[in-house]
Amino acid sequence: MIKTKFMEELIKIQNEYIYLLDLGLTEWDEEYFVEFIEELNLFWKRNENVLNTIYEHEFPNLETIFLTAVTKIDLEYLQHYSMKVSGKICLIDDPLISYLNLLDKDLPPKMREKFSNVIQENIRESIELYKTASNDFFILPLRTVVPIEIVTKAAKQFFISLFEGISSIEDYFEKINTFEDIESYLKEPVKDWILFGWDDEVRANSLKERFTNFVNTEFMGNKEAPIGEIFFFSQIGYLSQGMNILFTMSTTNFVPYIRGNVPFRYLTVLYTSLKYNLNLDLDQQIIRTTISYFFERIFDFEKLNNISYEEFLAKISDLNLYRYVFQKLHLENKELQDTSLLDINLAINEFYENEFLPLF
């Protein structure tokens, strides 16, 4: 990577951030915790203008991908390896700030402890990635590119649009008192894609059975809360995350690298639902997101366990996953509605079997 003045500044910012993370992990306790949150918030605020300039002028648009919608990078599964196959410029959309600010709230002890453990693991992985691939991956607060107020408002509006005959959040909480109310007001098409948790499967059980299973096993809030409140919180996080990714894509023209079924499902639903209403032109980014999502699903880290990161980079230097699939299927400037997921999946499997695996 060419060392421009902006890149030198970015490397300096990243070094300072890793130092702060290391210090925070070393001194992690309740007394220091609030101070730690304030330090990180002030750090990113202080560097906000230069980062926005770098996003706009330094990184090539569709060649830059950002890992998002994750709580950790999963280095043990070599998922930074699979990400590197997709993009030359790799950014990590750091979830730490939103987690830290949430943890600073008055949370129940069990939820606070769980978030605390997730955050500490996230910090350890960020530090390890920095040591493994310094200045190759950049950990940046991309989700703060879009003001949280805009994301929250958009997510609530979309949540209300899931129902027939409900006009506002206040109207929702007034009319929804039982699960039968939810089923009665929920639009029929919504029931075919809505998910409750990472392991949920639409075809597995009825809507009520899936929701009940989510409440019993995954819901971290008050299980005795009104049913309307639990349902609201089962969806608003996914919708907010999807809106944030969508608006970040639109603002930066970068390509999101998404691993999980839930964020991929919600992002594509949000985009296809809002594309024409908001005059969005993100088809090429969504197609690339789909390609890397399918590649991630077949990537077998066990085949690469004994390959160092430097050796891996050398072996894949001539590979370009996006270029391979785009050329094979003639996807350049093609609209999303004119693409076939089956064809994309087949092309990725061909790339994996014939181009990627033979290198190892």
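# Exercises on a predicted model

Strand β2, residues 89–93, is mostly covered, with 5 of its 5 residues buried. Keep in mind that this is a predicted model. Let's start with that strand and work outwards.

## Exercise 1: Place strand β2 among its neighbours

Task: work out which residues cover each face of β2, and how β2 pairs with β1 and with β3.

Solution.

Step 1. Check the two faces. Ile89, Leu91 and Asp93 sit on one side, Cys90 and Ile92 on the other, and all of them are buried.

Step 2. Look at the β1 side. β1 (residues 64–67) pairs with β2 in the parallel sense, over 4 bridges. If you want a spot to zoom in on, Ile65 stands opposite Cys90.

Step 3. Now the β3 side. β3 (residues 137–140) also runs parallel to β2, joined to it by 4 bridges. Here the bridge partner of Cys90 is Phe137.

Step 4. Trace the connection. β1, helix α4 (residues 79–86) and β2 together make a right-handed β-α-β unit.

## Exercise 2: Find the empty space

Task: say how many cavities of 30 Å³ or more there are, and describe what lines the largest cavity and the second largest pocket.

Solution.

Step 1. Think about the method. Rolling a probe the size of a water molecule over the atoms shows where empty space is left.

Step 2. Count the cavities. There is 1 cavity of 30 Å³ or more, and the largest cavity has a volume of about 50 Å³.

Step 3. List its walls. The lining includes Ile92 of β2 and Ile139, along with Val70, Thr71, Lys72, Ile73, Asp94, Pro95, Asn122 and Ser126. Sorted by class, that's 5 nonpolar, 3 polar and 2 charged residues.

Step 4. Move to the second largest pocket, which holds about 440 Å³ of space. It has 19 lining residues, and Ser86, Gly87, Lys88, Leu319 and Asn320 lie nearest its centre. The elements giving two or more residues to this lining are α4 and α15 (321–329), with α4 giving the most, at 3 residues. By class, the lining has 8 nonpolar, 4 polar and 7 charged residues.

## Exercise 3: Examine a ring pair

Task: classify the pair formed by Tyr81 and Tyr309, and decide whether Tyr81 is buried or exposed.

Solution.

Step 1. Pick the two numbers you need. A pair of aromatic rings is described by the distance of the centres and the angle of the planes.

Step 2. Get the overall tally, which is 39 aromatic pairs. In the pair of Tyr81 and Tyr309, the rings are 5.7 Å apart centre to centre with 55° between the planes, and the pair is tilted.

Step 3. Locate the partners. Tyr81 is in α4 and Tyr309 in α14 (residues 309–315), so the pair links distant parts of the chain, 228 residues apart.

Step 4. Check the cut-off: buried means under 20% relative accessible area. Tyr81 has 4% relative accessibility, so Tyr81 counts as buried. Tyr309, with a relative accessible area of 5%, is buried too.

## Exercise 4: Check two backbone angles

Task: find where Asn253 and Asn279 sit, and look at their phi values.

Solution.

Step 1. Recall the background. Most residues other than glycine have a negative phi.

Step 2. Take Asn253. Its phi is positive, about 65°, and its place is in the loop between α11 (227–252) and β4 (255–257). At 27% relative accessibility, Asn253 is partly exposed.

Step 3. Take Asn279. Its phi is positive, about 55°, and its place is in the loop between α12 (261–274) and α13 (283–298). Asn279 is exposed, with a relative accessible area of 69%.

How values were computed:
Residues numbered from 1 in each chain as written. Predicted model: local features only at pLDDT ≥ 70, side-chain atom pairs only at ≥ 80, totals over all residues. Heavy atoms only, no water. 1 Å grid on protein atoms, 1.4 Å probe; cavity = no way out; pocket = protein on both sides within 12 Å on 5 of 7 lines; lining within 4 Å. Points joined across faces, edges and corners; volume = space filled by probe spheres on them. Nonpolar A, V, L, I, M, F, W, Y, C, P; charged D, E, K, R; others polar. Buried < 20%, exposed > 50% of the residue type's maximum accessible area, 1.4 Å probe, protein only. Pairing = 2+ DSSP bridges. Right-handed = clockwise from strand over helix to strand, strands pointing away. Phe/Tyr/Trp six-rings, centres within 6.5 Å; stacked < 30°, edge-to-face > 60°.
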